[in-house]
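The following note sets out comments on the model shown below, arranged as numbered points. Each point takes up one aspect of the fold or its side chains.

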Amino acid sequence: LREDFLRYRMAGYIADLFFRAISDGERDQGLWLLLQEAFSVCSGNAFFEKQSATFLHSFEIKFLNQLGYLPETMPQVARAMVSLPLGSYRNALSYEDTEELSTFLRPLLEYTLAQRWEPIIPASAFARINSDGNDSK
């Protein structure tokens with residue numbers, strides 16, 4: 001991945017989305033399989049630079065679907081992406097389809113991040129830190 005900056009950025013986006021949206025200790029095996037599949041596509045031979053935006057939209061749709069945040073009413077192209085394996089959607093998206101997907105996904109992703117986000121450091125840990133910034137243990 002380090003040799004291909006686009007792949008690195010895509011993997012970073014996917015990891016960041018997981019980090020921000022998934023709570024520690026998440027037991028939904030489907031989410032972890034999706035993460036593994038996404039990283040495999042990013043680092044594998046099936047990756048095509050021209051399809052990177054389509055791949056990311058496909059990942060976002062599958063991610064939202066696995067979390068249960070994907071509504072029943074959605075653009076036709078989104079419905080097609082839900083049913084296909086990640087990275088297998090090879091149809092070129094029109095500008096209109098891309099814009100429609102972006103408009104459809106943006107509020108769903110924002111909602112997901114607002115609902116699922118938890119602080120990295122639990123509030124109880126802050127109580128242990130004394131006034132000079134050192135851990136009181």
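1. A convention is needed at the outset: axes are lines fitted to C-alpha atoms, for helices over the stretch in contact, and angles run from 0 to 180 degrees between N-to-C directions. The model under comment is a predicted one. With that convention, the axes of H2 and helix H3 (residues 52–67) cross at roughly 170° and come within 10 Å. Angles over 145 degrees count as roughly antiparallel, and H2 and H3 are therefore roughly antiparallel to each other. On the H2 side, the residues that meet H3 are Gly30, Leu31, Leu34, Ala38, Val41 and Cys42. Their counterparts in H3 are Phe55, Phe59, Lys62, Phe63, Gln66 and Leu67.

2. As to the overall composition, the chain contains six helices and zero strands, and the pattern along the sequence reads α-α-α-α-α-α. The chain has 137 residues, of which 36% count as buried. When contacts between residues at least 6 apart in sequence are considered, 71% of them join residues at least 24 apart.

3. The pairing of H1 with helix H2 (residues 29–43) may be described in the same terms. Their axes lie 9 Å apart, and the two helices pack at an angle of about 170°. H1 and H2 are therefore roughly antiparallel to each other. H1 contributes Arg7, Met10, Ala11, Ile14, Ala15 and Phe18 to the contact, while H2 contributes Leu31, Trp32, Leu35, Ala38, Phe39, Cys42 and Ser43.

4. H1 itself merits a separate remark. This helix has 17 residues and reaches 24 Å from its first C-alpha to its last, close to the 24 Å expected at 1.5 Å a residue. Its buried residues are Arg7, Met10, Ala11, Ile14, Leu17, Phe18 and Ala21. Seen down the axis of H1, these buried residues fall within an arc of 120°, so they line one face of the helix. The other side of H1 carries the exposed residues Phe5, Arg9 and Phe19.

5. Helix H4 (residues 76–83) can be read in a similar manner. Val77, Ala78 and Met81 are its buried residues. Viewed down the axis of H4, they fall within an arc of 100°, so they line one face of the helix. Gln76 and Ser83 are exposed, on the face of H4 turned away from its buried side.

6. How many salt bridges does the count come to? The count comes to two. In one of them, the side chains of Arg7 and Asp4 meet with a distance of 3.0 Å from N to O. Is Arg7 buried or exposed? Arg7 counts as buried, because its relative accessibility of 17% is under the cut-off of 20%. Its partner Asp4 is partly exposed, with a relative accessible area of 27%.

7. The other salt bridge links Arg20 and Asp16, whose closest N and O atoms are 3.2 Å apart. Where do these two residues sit relative to each other in helix H1 (residues 5–21)? Arg20 and Asp16 are four residues apart in H1, and are therefore separated by about one helical turn. Both ends of this salt bridge are partly exposed: Arg20 has a relative accessible area of 36%, and Asp16 has one of 33%.

Methods:
Residues are numbered from 1 along each chain as its sequence is written. This is a predicted model: local features need pLDDT of at least 70, side-chain atom pairs count only at pLDDT 80 or more; totals for chains, interfaces and linings use all residues. Side-chain values use heavy atoms; hydrogens and water are left out. A salt bridge is a side-chain nitrogen of Lys or Arg within 4 Å of a carboxyl oxygen of Asp or Glu. Buried means under 20% relative accessible area, exposed over 50%, partly exposed in between (1.4 Å probe, protein chains only). The expected span of a helix is 1.5 Å times one less than its number of residues. The arc is that of the directions from the helix axis to the C-beta atoms. Angles under 35 degrees count as roughly parallel, over 145 as roughly antiparallel, 65 to 115 as roughly perpendicular and the rest as oblique. Contact means heavy atoms within 4.5 Å.
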